[in-house]
Amino acid sequence: MIPFERSLPYDIVMGDVYVPECPFCLKNQVLLSIKPADITMAREGKKKLLVFPCCGNRVVVLDSDNDYLLTDTVVRG
Ligand SMILES: [Zn+2]
């Protein structure tokens, strides 16, 4: 179970990873630099730095499930 306030919903579309809304600048449908394989590896314990291309904010992805990335940062109030 991923803590809600540090979870970031994501979608995979045609092999690309999107977030519906950036938690920092609120831009919609942000294409991320990480790949679906990175999300799988996060689930296996390999941390991944995620830099938002829209605003340059960074979080570390610590874990994931089918819908959410668990980050080291509070991304939802
Ligand atoms: Zn942003």
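User: Which residues does S7 touch, not counting residues up to four places away in sequence?

Analyst: Keep in mind that this is a predicted model. Leaving out residues up to four places away in sequence, S7 touches I2, Y68, L69, V75 and R76.

User: What does the side chain of S7 make a polar contact with?

Analyst: Its partner is the side chain of R76, at 2.8 Å. R76 is also among the residues that S7 touches.

User: Where does S7 lie, and is S7 buried or exposed?

Analyst: S7 lies in strand β1, residues 7–9. The cut-off for buried is under 20% relative accessible area. S7 has 2%, so S7 is buried.

User: How do I read the overall fold? How many helices and strands does the protein have?

Analyst: Start with the elements, then take their order. The protein has one helix and seven strands. Along the sequence they run β-β-β-β-α-β-β-β. The radius of gyration is 11 Å, close to the 11 Å from the globule rule for 77 residues, so the protein is as compact as a globular protein of that length. The C-alpha trace spans about 30 × 30 × 20 Å along its principal axes.

User: What share of the residues is buried, and what share of the contacts comes from residues 24 or more positions apart?

Analyst: Buried residues make up 30% of the 77. Among contacts with a separation of 6 or more, 40% come from residues 24 or more positions apart.

User: Now the metal. Which atoms coordinate the zinc ion?

Analyst: List the donors, then check angles and spacing. The donors here are the SG atoms of C22, C25, C54 and C55, at 2.3 to 2.4 Å. The angles among the four donor atoms are 104 to 115°, and the site is tetrahedral. The cut-off asks for all angles between 85 and 135 degrees. Along the chain, the donors follow the spacing C-x2-C-x28-C-C.

User: Which parts of the chain does the pair C22 and C54 link?

Analyst: The pair links distant parts, 32 residues apart. C22 sits in the loop between β3 (16–21) and β4 (28–31). C54 sits in the loop between β5 (48–51) and β6 (58–64).

User: Are C22 and C54 buried or exposed?

Analyst: Take each in turn. C22 is buried, at 0% relative accessible area. C54 is partly exposed, at 27%.

User: How should I read the nonpolar core? Which residues have the most contacts inside it?

Analyst: The general idea first. In soluble globular proteins, nonpolar side chains tend to be buried together. In this model the largest nonpolar core has 16 residues, and those with the most contacts inside it are L8, L32, I34, L50, F52 and L69. The elements giving two or more residues to this core are β3, α1 (36–43) and β6.

User: What do F52 and L32 touch, not counting residues up to four places away in sequence?

Analyst: With that exclusion, F52 touches L8, V19, C22, P23, F24, L32, N57 and V59. One of these, C22, is a zinc donor. L32, on the same count, touches V17, V19, L50, F52 and P53.

User: L32 and S33 adjoin. Is each one buried or exposed?

Analyst: Check the loop, then the accessibility. L32 is in the loop between β4 and α1, and S33 is in the loop between β4 and α1 too. L32 is buried, at 5% relative accessibility. S33 is exposed, at 54% relative accessible area.

Technical notes. Residues numbered from 1 in each chain as written. Predicted model: local features only at pLDDT ≥ 70, side-chain atom pairs only at ≥ 80, totals over all residues. Heavy atoms only, no water. Donors = N, O, S within 2.8 Å, 3.2 Å for Na, K, Ca; no water. Tetrahedral: all angles 85-135°; square planar, octahedral: opposite > 155°, others 65-115°. Helix = DSSP H or I, 4+ residues; strand = E, 2+ residues; numbered from the N terminus. Buried < 20%, exposed > 50% of the residue type's maximum accessible area, 1.4 Å probe, protein only. Polar contact = N/O pair within 3.5 Å; in protein donor to acceptor, adjacent residues only side chain to side chain. Contact = heavy atoms within 4.5 Å. Core = buried A, V, L, I, M, F, W, Y, C linked by side-chain atoms within 4.5 Å. Rg over C-alpha atoms; globule rule 2.2 N^0.38 Å.
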